[in-house]
Amino acid sequence: NHKNFLLKSEWYFEYLNEKDLKGLSELYDTDIQLIDWNGSWDGKQSVLDMNEGLFDAGLEFELQFFNQIGRITYNHILIHTNKETIKVLDVIYWNDDFKITKIEAFKG
C-alpha cells in the first residue's frame, strides 16, 4: 500500500511560508518531535511555538526538490533569512494518517 506523502510535504512548506499555524497544527501528530541544529522540541504545542518564532524572524522556505522512501520524505530546501541563504535537508516522518511524527533538519 504505497501512500504519497510528497503532496503533504509541499503543504508543510506552504504553511510555513504563509505563517499558517492552523494548517501546520493539522499536519502534526500530537507527539511530533522536531530536531534541528538549534535544539529539539517535543509535542505539537512546543513545535508550533517554535514555528511562531520562525515566523517572527521572517524566514522564507524554498522547496527545491524532494523524494519519498516508504513513509519518509527527504526535502531539499533553501531557507532565506535577511542575512543569508541556508541549505537544509528536512527529513519528515509520516504515519498512516498523513500526520508528521518527526522532522529532522540537517544544515548542508
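Buried means under 20% relative accessible area, exposed over 50%, and partly exposed in between. With these classes in mind, the tour of this predicted model begins at a helix.

**Stop 1: helix α2**

Select Glu26, which counts as partly exposed because its relative accessibility is 44%. Add Lys22, whose 59% relative accessibility places it in the exposed class. The two side chains form a salt bridge, with 2.7 Å between the closest N and O atoms. Both residues belong to helix α2, where four residues, about one turn of the helix, separate them.

**Stop 2: the other salt bridge**

How many salt bridges does a search of the whole structure find? The search finds two. Having seen Glu26 and Lys22, select Arg71 and Asp96, whose side chains meet in a salt bridge at 3.5 Å, N to O. This pair links distant parts of the chain, 25 residues apart: Arg71 is in the loop between β3 (60-69) and β4, and Asp96 is in the loop between β5 and β6. Arg71 has a relative accessible area of 43% and is therefore partly exposed. Asp96, with a relative accessible area of 44%, is partly exposed.

**Stop 3: the loop between β5 and β6**

Remain in the loop that holds Asp96 and select Phe98, which is also found between β5 and β6. Its phi is positive, about 60°, although Phe98 is not a glycine. Most residues other than glycine have a negative phi. Phe98 counts as partly exposed, at 26% relative accessibility.

Next select Lys99, in the loop between β5 and β6. Lys99 is partly exposed, its relative accessible area being 28%. Residues up to four places away in sequence aside, Lys99 touches Glu26, Leu27, Tyr28, Asp29, Tyr93 and Trp94. The contact with Glu26 leads back to the salt bridge that Glu26 forms with Lys22. For a distance across the sequence, display Lys3: its C-alpha atom is separated from that of Lys99 by 12 Å, and the two residues are 96 residues apart along the chain.

**Stop 4: a second positive phi**

Move to Lys19, in the loop between α1 and α2. Lys19 has a phi near 55°, a positive value in a residue other than glycine. At 41% relative accessibility, this residue counts as partly exposed.

**Stop 5: the nonpolar core**

Which residues of the largest nonpolar core touch the most other members? Of its 25 residues, they are Tyr12, Leu24, Tyr28, Ile100 and Ile103. The elements giving two or more residues to this core are α1, α2 (21-27), β1, α3, β4, β5 and β6. In soluble globular proteins, nonpolar side chains tend to be buried together.

Select Tyr28, in strand β1. Is Tyr28 buried or exposed? Its relative accessible area is 1%, so Tyr28 is buried. Leaving aside neighbours within four places in sequence, Tyr28 is in contact with Tyr12, Lys44, Val47, Leu48, Asn51, Lys99, Ile100 and Ile103. Lys102 is 74 residues from Tyr28 in sequence, and their C-alpha atoms are 8.7 Å apart.

From Tyr28, continue to Ile100. With neighbours within four places in sequence left aside, Ile100 contacts Tyr12, Leu27, Tyr28, Asp29, Ile32, Ile92, Tyr93 and Trp94.

**Stop 6: strand β5**

Select Ile86, in strand β5. Ile86 is buried, with a relative accessible area of 12%. Beyond neighbours within four places in sequence, its contacts are Ile77, Leu78, Ile79, Thr81 and Lys107. Ser40 is 46 residues away from Ile86 along the chain, and 19 Å separates their C-alpha atoms.

**Stop 7: the largest pocket**

One contact of Ile86, Ile79, leads to the last selection. Where is the centre of the largest pocket to be found? Of the 21 residues that line the pocket, Asp36, Trp37, Leu54, Leu59 and Ile79 lie nearest its centre. Elements that give two or more residues to the lining are α1 (6-18), β1 (28-36), α3 (44-56), β4 (72-80), β5 (85-94) and β6 (100-107). Helix α3 supplies the largest share, four residues. Colour the lining by residue class to see 14 nonpolar, four polar and three charged residues. The space in this pocket is about 310 Å³.

Methods:
Residues numbered from 1 in each chain as written. Predicted model: local features only at pLDDT ≥ 70, side-chain atom pairs only at ≥ 80, totals over all residues. Heavy atoms only, no water. 1 Å grid on protein atoms, 1.4 Å probe; cavity = no way out; pocket = protein on both sides within 12 Å on 5 of 7 lines; lining within 4 Å. Points joined across faces, edges and corners; volume = space filled by probe spheres on them. Nonpolar A, V, L, I, M, F, W, Y, C, P; charged D, E, K, R; others polar. Core = buried A, V, L, I, M, F, W, Y, C linked by side-chain atoms within 4.5 Å. Buried < 20%, exposed > 50% of the residue type's maximum accessible area, 1.4 Å probe, protein only. Contact = heavy atoms within 4.5 Å. Salt bridge = Lys/Arg side-chain N within 4 Å of Asp/Glu carboxyl O.
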